[in-house]
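Work through the exercises below with the model open. Try each task before you read its solution.

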Amino acid sequence: MVIIINQVILTEKLRIISTLWTSIRSGKNLCHESYEMRAIFINAAKDLRVSDCEEERMMPSQVRVKISHGGICGSDLHYFNHGKVGFSKLREPMILGHEVSGFVSDVGEDVGGLAIGDLVAINPAKTCGQCQFCKENRSNQCSSMQFFGSALLFPHIQGAFREEVVVNANQCFKFRSSNPGVAALVEPLSVVLHAIRKSENVNGRRVLISGAGPIGLIAAALCIFYGAESVSIMDIETYPLSLAQKLGVQNTFDMKNNSLELENYAAAEGNFDLLFECSGAEQALISGMNVLNPGSKIIQLGIAAEFCLPVIQLTAKEFELIGSWRFSGEFSQAVNLLEAGEIDLTPLISHEIPFLDAETAFLTASNRKEAMKVQLCF
């Protein structure tokens, strides 16, 4: 398997270098020549199109990356299904995508450490590095954040589901020992690493996770990796719960077909002391709070919709409710974990679909009965 992966990477490097050399010999400037490039645009809810997009100009401190793989995230699905994510509403056509990897195809003259053909995971967050939050190592709260595929600002920040993208060199993290599909998992892994850091410690804890989507399952895998005493997860679909069992989760709770199972478990074997809420569903949060020990922490990652909070229970049981938003300095940590093979997230990749068949890919990703992490192949 490793030999095959290395052959794929080597072949792609040689193809890029050969193409560039051919263009130089013919007198063409491939990287600045105008050519047709395609991207996946969301125009409104259920209106997804693969259309031409403009080539980006590259500055001396930037690199051009030929996108290889892109994972469809929950936020991408919200734009596709509803035309919005929380307060971020579509007001113009926008290129989706922020979980991407690819091969460097051009390097700015001021860039060091990256070369044509390198496989890189791309950090989708472009931060200023100068504001109060960036200086406090809270770059996820950057005052002028530009995050791939976000409709929060207007004009929208265009995403990375396109054949090529230009990014700052410091957004590229070289992958030396993995494949493009694994490299595209760095971003969601970073999100969960940030949540783990917000919890302060999972070692020896009895952890409950609500929502067995990609983020919930990554949270489960990390809690096991970092030494949780036990890891349990609840969901309303059987397919993601079966994946959780394959990852080593001790207890799975089917809240659709047996909603009393969690309460019975709590009464018989004791409560939990840490909740990662990954679904964004009001009932999931309430169900989790019902079986938490007093003084427990709740790390809120899910952002599907606004919902009511049981403040009396929050106060009386002295819970700590902690929001966790994207990631800050965890991106390089995620790269290291995946490169070293310390955590294996490949079981989460359920489908790989050509980007030209984007609508099928998004419909597939929306089906939680059969799909987990759907990746687009460029």
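**Exercise 1. Check the length of helix α6 (residues 214-225) against its expected span.**

Solution. This is a predicted model. Start with the count: α6 has twelve residues. The expected span is 1.5 Å times one less than the number of residues. That gives 16 Å for α6. Now take the end C-alpha atoms: they are 16 Å apart, so the helix agrees with the expectation.

**Exercise 2. List the buried residues of α6 and find what covers them.**

Solution. First, the list. Gly216, Leu217, Ile218, Ala219, Ala220, Ala221, Leu222 and Cys223 are buried. Next, the cover. It includes the helices α5, α7 (238-246) and α11 (331-339), along with strands β13, β14 and β16. Last, look past the end of the helix. Gly227 follows α6 and has a positive phi, near 90°.

**Exercise 3. Give the strand order of the six-stranded open sheet, then place helices on it.**

Solution. Step one: the order is β15-β14-β13-β16-β17-β18, with parallel pairing. Step two: the edges are β15 (251-254) and β18 (320-323), each paired on one side only. Step three: the twist from one strand to the next averages 20°. Step four: helix α5 (residues 186-199) packs on the sheet and touches β16, β17 and β18. The direction of α5 makes about 145° with that of β17. Step five: helix α9 (residues 282-290) lies across β13 (206-210), β14 (230-235), β16 and β17. α9 runs at about 150° to β17.

Now zoom in on one pair. Five bridges join β16 (residues 272-277) to β17 (residues 292-300). The two strands run parallel. Phe272 stands opposite Leu292 in β17.

**Exercise 4. Which residues touch the most other members of the largest nonpolar core?**

Solution. The core has 55 residues, and Leu189 and Phe276 touch the most other members. Trace the contacts of Leu189, leaving out residues up to four places away in sequence. They are Ile218, Leu222, Ala334, Leu337, Leu338, Ile343 and Leu345. Ile218 and Leu222 are also among the buried residues of α6. Another core, of 43 residues, lies apart from the largest one. Its members include Val63, Val111, Phe161 and Val165.

**Exercise 5. Is Arg205 buried or exposed?**

Solution. Locate the residue first: Arg205 sits in the loop between α5 and β13. Then apply the cut-off: buried means under 20% relative accessible area. Arg205 has 19% relative accessibility, so it counts as buried. Finally, list what Arg205 touches, not counting residues up to four places away in sequence. The contacts are Ser199, Ala228, Glu229, Ser230, Asp273 and Leu274.

**Exercise 6. Work out the strand order of the three-stranded open sheet and explain its edges.**

Solution. The order is β2-β1-β6, and the pairing is antiparallel. β2 (47-53) and β6 (94-95) each have a single partner strand, so one side of each is left without a neighbour in the sheet. Two bridges join β1 (residues 37-44) to β6. Ile42 has Met94 as its bridge partner in β6.

**Exercise 7. How many helices and strands does the protein have, and what share of its residues is buried?**

Solution. Count twelve helices and 20 strands. Of the 378 residues, 53% count as buried. Then turn to the surface: the protein exposes about 17200 Å², and carbon and sulfur atoms supply 52% of it.

Key: Residues numbered from 1 in each chain as written. Predicted model: local features only at pLDDT ≥ 70, side-chain atom pairs only at ≥ 80, totals over all residues. Heavy atoms only, no water. Helix = DSSP H or I, 4+ residues; strand = E, 2+ residues; numbered from the N terminus. Buried < 20%, exposed > 50% of the residue type's maximum accessible area, 1.4 Å probe, protein only. Areas by Shrake-Rupley, 256 points an atom, 1.4 Å probe, with all protein chains shown as cover. Pairing = 2+ DSSP bridges. Axes fitted to C-alpha atoms, helices over the stretch in contact; angles between N-to-C directions. Contact = heavy atoms within 4.5 Å. Core = buried A, V, L, I, M, F, W, Y, C linked by side-chain atoms within 4.5 Å.
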